[in-house]
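Trainee: I'd like a close look at one part of this structure, namely how its charged side chains are placed. Please take me through it step by step.

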Amino acid sequence: GTGVPEAGAPQVDLNQGEALFEVTVAGASLESQVLGEDEPSTFFTLDFFEHETQATPVVVGLTPAYDMTIQYVVKVDSFFLDYMSLQTIKLELNRASGVDFQTLGVALVPLRKALEDLETGSGTGGRAAMSHFADILGAGGQLLGTVRFQLRLSPSVLAPLRTFRQLALPPPSSPHGLSVEDPAVAAASAADQAPHASAAISFTIKACTGLQPRVGGHNTVVPYVSYQFPGFPV
């Protein structure tokens, strides 16, 4: 992948089965009380799959506008679509100090948002790309601010994505304890049979705070979360 300014992204020649994936790190809103200064010099680094690490320009201030777009030429196959459905990109916030830098925190960007935006037409056909926001968390879990970003995939990915969605659908089932007459079960079954006439709902469980162990100290807590949406298994 190569990083280029947002306004001047060059055209890329693609081979058969390839597509362009773009990540734009647009800007951030940083917390001065947590960072300890009003004019921090910051930049983001990011890694995607096996490509080289990319970095935004260094920008001063609490509302830095990085306006950096990184382009990746990707091979569109079931492995890539599965990777995009399940994985995240880490955007690491760094403070520059001369020739040195310090990593302050990280924001996790779900790659599935690129697939969802493509399916809704965001960033294609002359439409503006949808902006998303992610929290930047420090090593101790403190909120350092938020980062604004956009994700774009070539429109050519839409057809293989639809095929991938259909092949990945589980067989219709009635979860234990739920009647097939239950509206949620009926809606889930209908979505399985007609995915292109359905809507998608996504849930993100981001963090837990204030957990109290029944026995032992705080370092003995190993929490996890399970969730069941009506009509679907846990």
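Mentor: Happy to! Helices (H or I, at least four residues) and strands (E, at least two) are DSSP runs, numbered from the N terminus. As a warm-up in reading those labels, Y227 lies in the segment after helix 5 (183–193). This is a predicted model, where local features need pLDDT of at least 70, side-chain atom pairs count only at pLDDT 80 or more, and totals for chains, interfaces and linings use all residues. Residues are numbered from 1 along each chain as its sequence is written, and side-chain values use heavy atoms, leaving out hydrogens and water.

Now to the charged pairs. Side chains of opposite charge can pair when their charged atoms come close. The structure holds four salt bridges (a side-chain nitrogen of Lys or Arg within 4 Å of a carboxyl oxygen of Asp or Glu). Let's visit three, going from one to the next.

Start with R152 and E22, whose side chains meet in a salt bridge with an N to O distance of 3.5 Å. R152 sits in strand 10 (residues 143–153) and E22 in strand 2 (residues 18–30), so this pair ties together parts that are 130 residues apart in sequence. Both R152 and E22 are buried (under 20% relative accessible area, with exposed over 50% and partly exposed in between; 1.4 Å probe, protein chains only).

The second pair is E37 with R95, joined by a salt bridge whose closest N and O atoms are 2.8 Å apart. Here too distant parts of the chain are linked: E37 is in the loop between helix 1 (32–35) and strand 3 (41–47), while R95 is in strand 7 (residues 88–97), 58 residues apart. E37 counts as partly exposed because its relative accessible area is 29%. R95, with a value of 18%, is buried.

R95 deserves a longer look, since its strand has partners on which we can build. Strand 3 and strand 7 run antiparallel and are joined by six bridges (two strands pair if DSSP finds at least two bridges between them). One of the residues to find there is F43, whose bridge partner in strand 7 is N94. Strand 7 is also joined to strand 8 (residues 100–110), by 10 bridges, and these two run antiparallel. R95 itself stands opposite Q102 in strand 8. Follow the chain around the hairpin of strand 7 and strand 8, which has two residues between the strands, and you meet G98 with a positive phi near 65°.

The third pair takes you to two helices. E119 and R165 form a salt bridge, with 3.0 Å between the closest N and O atoms. E119 belongs to helix 3 (residues 112–120) and R165 to helix 4 (residues 158–168), so to speak a link between distant parts of the chain, 46 residues apart. E119 has a relative accessible area of 38% and is therefore partly exposed. R165 is partly exposed as well, because its relative accessibility is 28%.

While you are in this part of the chain, look at H132 in strand 9 (residues 132–138). H132 counts as buried because its relative accessibility is 10%. Leaving aside neighbours within four places in sequence, H132 is in contact (heavy atoms within 4.5 Å) with K113, D117, V147, R148 and F149.

Finally, back to our warm-up residue: Y227 has a relative accessibility of 41%, so Y227 is partly exposed.
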